[in-house]
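Here is a short tour of one sheet and the helices around it. Keep the model open beside you as you read.

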Amino acid sequence: MAGEGCEVTTADSGERAVALLEMIHFDLVITDLVMDRIDGIGGLKAAKEKNRETMVLILTGYGDMGSAIGALRLDADDYMLKPCEPDEMRIRVSRCFDRLEAARKLKL
């Protein structure tokens, strides 16, 4: 994504991601579901509490129907299983940005 016109910020833990969310506005957060202490659901909640418009894509190698439904009920904007193809990731990220742009236009 970095080479495609997106500015990318990385975090090596859920704790670091939540700290970054407090300091910086993000249009899109891509998070792994399974992490120590603050997991992807914690990151999703933190992102949505900070800004309801922030798009959140959950990425996981341990997904099941229950975790997908739970994430979507908490307003995750997308949910992908690893491994994923780069083209599929680009499509999903593009859809998130399209929905964000549409939501912003509706607010105007």
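Two strands pair if DSSP finds at least two bridges between them; strands (E, at least two residues) and helices (H or I, at least four) are DSSP runs numbered from the N terminus. This is a predicted model, where local features need pLDDT of at least 70, side-chain atom pairs count only at pLDDT 80 or more, and totals for chains, interfaces and linings use all residues. Residues are numbered from 1 along each chain as its sequence is written, and side-chain values use heavy atoms, leaving out hydrogens and water.

**The sheet**
- Three strands make an open, parallel sheet in the order S1-S2-S3.
- S1 (28–32) and S3 stand at the edges with a single partner strand each, so one side of each is left without a neighbour in the sheet.
- S2 (residues 55–60) pairs with S3 (residues 78–81) in the parallel sense over 4 bridges.
- Isoleucine 58 has tyrosine 79 of S3 as its bridge partner, while leucine 59 stands opposite methionine 80.

**Helix H3**
- Which residues of H3 are buried (under 20% relative accessible area, 1.4 Å probe, protein chains only; exposed is over 50%, partly exposed in between)? They are Ser67, Ala68 and Ala71.
- Those buried residues pack against helix H2 (40–50), S2 and S3, with contact meaning heavy atoms within 4.5 Å.
- The face turned away from the buried side of H3 carries the exposed residues Met65, Gly66 and Arg73.
- After H3 comes aspartate 75, with a positive phi near 80°.
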